[in-house]
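Biologist: I would like to learn how to read the local features of a model like this one, beginning with the backbone. Please give me the general idea each time and then the case at hand.

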Amino acid sequence: MTQETDTTKQDVLAGRNILLSVTGGIAAYKSCSIVTALRKRGASVRVVMTENATRFVSPMTFSALSGAPVQWNMWAERTDEALSHISLQDYADAMLVCPATANVISKVACGIADDLMTAAIMAATYPVGFAPAMNAHMWEKPAVQENVALLRQRGYWFVGPEYGRLASGAVGGGRLSGQSALLACIERMLVEEKPRDIDLTGCRVLITGGPTREFMDPVRFLGNPSSGKMGFALADAAASSGAQVTLVSGAPASAGEALGFGGGFEVVEVTSAAEMLEAVRNRLDDVDVFIGAAAVADYSFVQTSAEKLKKSAETLHVELQKTPDIIRSVSESPQRPTIVVGFAAESHDVLANAEGKLKAKGLDLIVANSLLEPGSGFGTDTNRVTVLGADGFRSDLPLMSKYAVAVAVLEEVARRLEKSSR
Ligand SMILES: Cc1cc2nc3c(=O)[nH]c(=O)nc-3n(C[C@H](O)[C@H](O)[C@H](O)COP(=O)(O)O)c2cc1C
């Protein structure tokens with residue numbers, strides 16, 4: 001995370017030129033949806049394929065999805081639309097090799113440039129990332145691991161692979177990262193100068209996410225439109241960085257799975273603020289990082305009914321009571337985690353209100369966002385946030401996917417954990 005980055009209300013992907021390089025792995029078909037997702041966010045996409053990739057997905061499919069010619073043959077006749085490995089430099093703001101085969105990773109590590117894609121990577125003046133996907137045994141081979149380490153050392157970006165169900169049906173490491181993580185990698189390539197790894201191996205991370213519902217009777221409740229996306233994104237990104245993650249969520253685990261998150265973390269489903277507090281308290285032992293991203297209802301009903309209330313009176317007066325302050329209770333607990341992070345979604349005076357919460361609740365970091373800004377707030381896929389630290393730290397992030405925001409927050413958390421352990 002860079003300090004004092006430029007603030008822009010435009011989506012970080014909008015108007016950017018992305019090269020998607022597809023290699024010959026079984027996950028090549030998943031890149032089709034990446035093209036669509038990038039274009040939906042306002043990016044222009046051109047697809048380069050290896051010749052072997054064309055055996056898995058037809059170039060015609062990518063051409064139709066990207067709205068641009070697809071290239072794989074370095075020796076094809078030049079047309080006005082076709083770009084050479086050199087002229088791709090003028091086009092691209094970033095390239096993601098997705099999926100990246102063991103073969104292409106190893107070729108690039110050796111400096112081989114015998115087709116359009118590898119020649120373009122060799123000539124690249126833009127950031128290049130790899131999203132490896134392969135059989136678990138292939139991924140674990142020293143040749144692949146050493147070549148990945150070499151490429152990381154040379155400043156190439158990597159996203160994944162993930163642990164999970166592979167094409168063969170076996171479960172292991174080597175599955176292509178999910179769409180959110182892939183897009184977040186491209187976003188980070190566009191805003192950060194160089195790749196920084198977030199290593200949370202051995203850390204216990206407890207996260208709250210989603211809404212709470214305060215029921216008055218079996219069918220009526222006070223709540224809010226939070227989808228839980230931010231909590232799921234944080235949990236997924238923390239788990240992908242090696243942490244042991246528990247998400248206490250007001251949104252059901254099935255909502256996270258439907259959004260493409262999950263697998264590597266535990267979800268504890270709760271309904272009310274009181275249940276959320278209890279679930280958090282019961283799990284605070286040995287937690288290193290607590291992140292409170294839930295949209296907790298501020299009030300609950302004093303009187304509740306086990307039976308559905310009849311609609312009889314013209315007006316209804318109800319008494320409300322404040323719900324518990326979960327983040328404050330974690331921050332003031334004798335088992336306080338090393339780092340406590342809060343979220344502040346505000347409709348006005350966003351930074352002043354967030355700063356007030358940061359101090360009043362004794363937090364280390366607070367992630368502030370406006371509920372009224374287009375592309376931010378409840379239910380959106382994106383968010384534009386400012387991260388504030390109790391020590392005066394401030395980072396204004398551009399409009400990014402919630403997953404990319406999660407990664408940026410975790411990057412700062414990891415930096416602070418490392419500092420505190422020195
Ligand atoms: C059905 C099938 C699936 C394959 N899946 C993968 C894969 O997921 N990852 C991988 O690294 N190689 C995979 N391979 C092997 C590659 O296709 C092979 O190494 C090829 O040379 C890669 O070419 P490229 O890197 O130039 O695209 C697969 C091969 C076949 C026949």
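Modeller: Let us start at P161, which is placed in the loop that runs between β5 (157–158) and β6 (162–165); helices (DSSP H or I, at least four residues) and strands (DSSP E, at least two) are numbered from the N terminus. The model is predicted, so local features are taken only at pLDDT of at least 70 and side-chain atom pairs only at pLDDT 80 or more, while totals for chains, interfaces and linings use all residues. Residues are numbered from 1 along each chain as its sequence is written, and side-chain values use heavy atoms, with hydrogens and water left out.

Biologist: What is the form of the peptide bond that joins G160 and P161?

Modeller: The bond between G160 and P161 is cis, and its omega is about 5°. A cis bond also leads from C98 to P99, where omega is near -5°, but P99 belongs to strand β3 (residues 94–100), whereas P161 sits in a loop.

Biologist: Turning to phi, which sign does D286 have, being a residue other than glycine?

Modeller: The phi of D286 is positive, near 60°, and that of D349, which is also not a glycine, is positive too, near 40°. D286 is part of the loop between α11 (273–281) and β13 (289–292), and D349 falls in the loop that links β16 (339–346) with α13 (350–360).

Biologist: Is D286 buried or exposed?

Modeller: The general scale calls a residue buried under 20% relative accessible area, exposed over 50% and partly exposed in between, using a 1.4 Å probe and protein chains only. D286 has a relative accessible area of 64% and is therefore exposed, and D349, at 53%, counts as exposed as well.

Biologist: How does S33 fall on that scale?

Modeller: S33, a residue of helix α1 (residues 30–40), counts as partly exposed because its relative accessibility is 36%. From S33 to A255 there are 222 residues in sequence, and their C-alpha atoms are 20 Å apart in space.

Biologist: Which side chain does the side chain of E346 contact?

Modeller: A polar contact is a pair of N or O atoms within 3.5 Å; within protein, one must be able to donate a hydrogen and the other to accept it, and sequence neighbours count only if both atoms are side-chain atoms. Here the side chain of E346 makes such a contact with the side chain of N353, at 3.4 Å. E346 belongs to strand β16, and its relative accessible area of 11% is why it counts as buried.

Biologist: How many residues surround the ligand, and which are the closest?

Modeller: A residue is near a molecule if one of its heavy atoms lies within 4 Å of it. In this model 14 residues surround the ligand, the closest being G24, T50, N52, T101 and A102. Helix α4 (residues 102–110) gives the most to this shell, three residues.

Biologist: Which ligand atoms do N52, N103 and A133 approach?

Modeller: An N or O atom in the side chain of N52 is 2.9 Å from an oxygen atom of the ligand, and a polar side-chain atom of N103 lies 3.0 Å from an oxygen atom of the ligand. With A133 the backbone takes part instead, one of its N or O atoms lying 2.9 Å from a ligand nitrogen atom.
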